[in-house]
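User: I would like the reasoning behind the labels here. Please take the sheet, then the ligand site.

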Amino acid sequence: MAEKRKFQAIKGTRDLLPPETELWNQVEQTAREVFSTYGFGEIRPPIFEPTELFARAVGGETDIVSKEMYSFEDRPAGIPDPRRFMELGDYVLAIEEGIRKETIPSTPSNRDSVRTFRSKFDEFVKVSSMLKTGFHSGGDPIPRAYGALLMECIYFAQTIQLGEMLSLRPEATASVCRAYIEHGMHALPQPVKLYYTGPMFRRERPQKGRYRQFYQIGAEVLEAIQPGHGGAKDIFKDAATDAEVIEMVMEFFARLELQGVQLEINSIGCRECRPKYVEVLRAELLKVKDRLGPDSQRRIDTNPLRVLDSKLESEQEIIAKLPRISEHLCVDCAKQYEEVKRQLGLRSVAYKENWRLVRGLDYYMRTTFEITAKGLGSQNAVCGGGRYDGLVELLGGQPTKGIGFAIGEDRLILSLQEAGKGNVAKGRDVYIAWLGEKTLATAIHAAKTLRAAGFRVELPPVEQKFGKALGQADRIGSRYALILGEDEAASGQWTLKTLADGTQAKYTEAQLLEFLMKAKVS
Ligand code: ATP
Ligand code: MG
């Protein structure tokens with residue numbers, strides 16, 4: 001008998017269960033409603049994509065790509081295992097055929113490896129047949145060559161990439177941009193506004209508000225740049241788009257009555273002015289290098305902007321005196337930033353400027369923002385977003401502007417629950433307490449009618465004594481019990497008991513529906 005094993009959800013993942021899932025559904029439903037009033041349509045991209053897509057979009061230097069992605073080689077089925085040397089012959093035939101039929105990537109390095117593998121394998125066969133035919137009668141050299149060739153074959157087998165590297169998505173902006181290009185959405189009326197909801201995957205250290213499978217609700221506005229455009233007028237247009245996108249998130253949070261919502265904004269400049277600022281910053285950081293922690297010291301080289309992100313207590317005073325990007329923005333970036341703020345004002349969106357807000361992903365430019373909420377401890381960011389003109393082009397599309405955000409749904413739900421907004425209606429509307437075999441048909445009929453009218457109905461599969469039925473109705477939180485005995489079934493006069501106060505009254509089927517409908521509204 002197989003050993004007993006207790007299976008558990010993988011670390012960093014969890015089951016979402018009723019009644020909590022009711023809240024998740026409400027949140028997602030509200031997102032759909034709010035986003036659709038702003039003209040967004042839903043996109044459902046796949047959950048895995050080529051690793052290369054994320055590496056390119058998010059940036060190879062980021063934590064997400066360098067160490068947090070769940071990646072795997074998408075091997076074709078049925079390739080023999082090269083570590084079993086009895087199968088080496090089949091293996092070489094399978095990979096040669098795979099390359100020919102392109103079920104294995106026909107890259108130059110793969111073709112090279114397969115060729116080398118074949119020649120090593122042929123040599124190996126020759127040596128092993130010499131051993132078998134007794135042509136060689138002992139002594140060391142040949143068995144040693146045999147072992148060495150076998151090792152070489154196995155080694156070269158490892159260098160053959162049997163399938164493309166794929167990753168579970170750590171975020172969805174890259175996928176949305178890929179889809180925009182793939183489906184030629186630049187030919188649609190611009191801008192294209194899309195939203196998505198679904199799981200993302202990052203191998204991070206699990207803690208409150210941080211999981212390895214977590215959920216995001218996000219939206220993107222993509223707009224192909226028409227030739228000859230992109231000048232000063234666009235600055236105002238882009239700023240208005242940025243402000244409307246931010247307004248939409250804030251409206252969504254307001255609709256959910258999320259508590260303690262704080263919006264922070266910043267501009268991180270563009271390809272023109274940011275590199276100059278980064279150099280100024282780097283020079284200043286070098287002056288104070290020995291007073292910084294090891295992480296920040298390293299970032300002076302790799303990514304000085306991330307030093308501003310530091311939460312290290314000892315560095316705060318030093319960071320406060322560093323040069324600020326707002327003093328180094330180019331004319332267009334500065335104008336756009338001013339306009340974003342003016343537009344937020346027009347929309348009555350309250351914000352705080354945070355010059356230290358630099359987002360982790362490589363693709364952001366100009367407007368960046370983050371929203372925090374109450375009750376989340378140190379993982380208090382519920383939304384991050386920003387402008388990413390140029391990302392679509394980086395992924396092989398035409399010059400395109402982009403602005404979007406991603407909301408951490410897990411954290412959003414946590415915050416709502418902390419504020420006591422998580423108590424969504426549960427239980428049933430009507431529990432059908434039926435007794436007597438002849439009553440079953442009436443009970444089934446009543447259940448069908450009530451469910452068709454949208455009521456949550458529990459129909460026990462076998463008859464129960466009324467006392468037991470009423471107890472059960474109470475335990476599952478039913479509002480009413482419909483009592484059906486043989487008398488009720490015969491007369492068509494059904495008894496409805498209100499469980500909260502124990503009152504009961506008799507109704508015909510039509511009267512019952514009318515009563516329940518009225519009670520639902522009230
Ligand atoms: P953080 O600084 O909290 O790690 P981030 O900058 O990595 O966030 P983004 O990649 O911008 O986050 O994703 C947007 C939102 O998704 C975050 O604000 C957060 O609410 C949520 N989020 C990110 N990573 C996780 C995670 N591992 N578990 C739960 N929610 C997450
Ligand atoms: Mg993170």
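**Sheet and ligand site**

Analyst: A starting point: Y431 has A481 in β14 as its bridge partner. The model is predicted.

User: What makes β12 and β14 a pair, and in which sense do they run, parallel or antiparallel?

Analyst: Pairing takes at least two bridges. Strand β12 (residues 430-434) and strand β14 (residues 480-484) share five bridges. The criterion is therefore met. Their sense is parallel.

User: Which helices pack on this sheet, and at what angle to β12?

Analyst: Helix α15 (residues 440-452) lies across β12, β13, β14 and β15 (494-498), at about 170° to β12. Helix α16 (residues 466-475) touches β12, β14 and β15, and its direction also makes about 170° with that of β12. Angles here run from 0 to 180 degrees between N-to-C directions, so about 170° puts each helix close to opposite in direction to β12.

User: How do you know that β15 and β16 pair, and in which sense?

Analyst: They have four bridges, in the antiparallel sense. The threshold is at least two, so they count as a pair. One of the bridges joins W494 to Y507 in β16. In the hairpin of these strands, five residues lie between them, and G502 takes a positive phi near 75°.

User: Why are β13 and β16 called edge strands?

Analyst: The sheet is open, with five strands in the order β13-β12-β14-β15-β16 and mixed pairing. β13 (457-458) and β16 (504-507) each have a single partner strand, so one side of each lacks a neighbour in the sheet.

User: Now the ligand. What makes the approach of R210 to ligand 1 a polar contact?

Analyst: The cut-off is an N or O pair within 3.5 Å. An N or O atom in the R210 side chain is 2.9 Å from an oxygen atom of ligand 1, so the pair qualifies. The R411 side chain places an N or O atom 3.0 Å from a ligand oxygen, so that pair qualifies as well. For a polar backbone atom of G408 the distance is 3.5 Å.

User: How much of ligand 1 does the protein bury?

Analyst: Taken alone, the ligand exposes 590 Å². The protein buries 85% of that.

User: Which strands supply the shell, and what kinds of residue are in it?

Analyst: β6 (213-224), β10 (381-387) and β11 (400-408) each give at least two residues. The largest share, four residues, is from β10. By class, the shell holds six nonpolar, four polar and five charged residues. Of the 15 residues around the ligand, R202, E204, R210, R359 and A381 come nearest.

Conventions. Residues are numbered from 1 along each chain as its sequence is written. Chains are lettered from A and ligands numbered from 1 in the order in which they are written. This is a predicted model: local features need pLDDT of at least 70, side-chain atom pairs count only at pLDDT 80 or more; totals for chains, interfaces and linings use all residues. Side-chain values use heavy atoms; hydrogens and water are left out. A residue is near a molecule or strand if one of its heavy atoms lies within 4 Å of it. A polar contact is a pair of N or O atoms within 3.5 Å; within protein, one must be able to donate a hydrogen and the other to accept it, and residues adjacent in sequence count only if both atoms are side-chain atoms. Accessible areas come from the Shrake-Rupley method with a 1.4 Å probe; for residues, only the protein chains shown count as cover. Ala, Val, Leu, Ile, Met, Phe, Trp, Tyr, Cys and Pro count as nonpolar, Asp, Glu, Lys and Arg as charged, and the others, Gly among them, as polar. Contact means heavy atoms within 4.5 Å.
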